[in-house]
Amino acid sequence: MYSELRKIYLANAFAGLSTVASVVGTLYFLRSGITQTQIGQLAAIFMISMSIFNIPTGAFADIFGHKTSVVLGLFFHAIHGLIFYAFPSFPGMIIGMLSAGLGLALQTGAWSSLTYELLKKYRKESMLTEVTGKASAYFAMTAIIGSLIGGPIFKWSPDIPYLVFFVCIGLSGVTASFIKSEKRRSRPSWDMLHKITLEGIKYT
């Protein structure tokens, strides 16, 4: 059990380092010729896409498992950084924001559910708060490091932070893929999930 928990902590630690790009995001946008109005539009696209994607991704996690949802979420989140690095233009960044919205939506709730499933396997459900707290602490510690080095890296080479972001989130996804999780014994029917998704979209 503890070896699996260490993988959760390590995945969160890698993810925390991604703040190397977050702290210079606005500067990177402006350097790439993105106007302040477009920056606001990109933020809106991200928030709207994540809200919409949150509906079907919950159903996806129920069908294919929380580990699969987490790993795919980290993959799309990482791709967002690679897109920003390779295509620093407004159309490219729109695609990047959509990828980020999908990636985070896939992870929403899936991390805690995956952790609970792992603890339940060993009848240690009471440790959930402790484990999620430690995972958040590891994320926060490396996030501080990423925040401190993000500025100097941007000054040295403005394009590198989002490449580092891609690598860090990618490593988080690879680590998460090695977590041993329980296979789902029962799955909701597609008809029920389709109905829930349509209702969710209706009331969004």
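## The largest pocket

Helix 8 (residues 128-156) supplies the largest share of the lining of the largest pocket, with five residues. This is a predicted model, so please read the details below in that light.

In all, 36 residues line this pocket, and those nearest its centre are Ser18, His77, Leu104, Gln107 and Phe139. The volume of the largest pocket is about 710 Å³. If you are curious about its chemistry, the lining has 21 nonpolar and 15 polar residues, with no charged residues.

## How helix 5 and helix 9 cross

Now to a pair of helices. Helix 5 (residues 66-86) and helix 9 (residues 160-177) have axes that come within 8 Å and cross at roughly 165°. Because angles over 145 degrees count as roughly antiparallel, helix 5 is roughly antiparallel to helix 9. Their crossing is left-handed.

## Where the two helices touch

Which residues in helix 5 meet helix 9? On the helix 5 side they are Lys67, Val70, Val71, Leu74, His77, Ala78, Ile79, His80, Gly81, Leu82, Phe84 and Tyr85. Their partners in helix 9 include Tyr162, Leu163, Phe165, Phe166, Ile169 and Gly170. By class, this contact of helix 5 with helix 9 has 14 nonpolar, seven polar and one charged residues.

One residue links the two parts of this report: His77 of helix 5 meets helix 9, and His77 is also among the residues nearest the centre of the largest pocket.

Key:
Residues numbered from 1 in each chain as written. Predicted model: local features only at pLDDT ≥ 70, side-chain atom pairs only at ≥ 80, totals over all residues. Heavy atoms only, no water. Axes fitted to C-alpha atoms, helices over the stretch in contact; angles between N-to-C directions. Helix = DSSP H or I, 4+ residues; strand = E, 2+ residues; numbered from the N terminus. Parallel < 35°, antiparallel > 145°, perpendicular 65-115°, else oblique. Left-handed = near helix turned anticlockwise from the far one by under 90°. Contact = heavy atoms within 4.5 Å. Nonpolar A, V, L, I, M, F, W, Y, C, P; charged D, E, K, R; others polar. 1 Å grid on protein atoms, 1.4 Å probe; cavity = no way out; pocket = protein on both sides within 12 Å on 5 of 7 lines; lining within 4 Å. Points joined across faces, edges and corners; volume = space filled by probe spheres on them.
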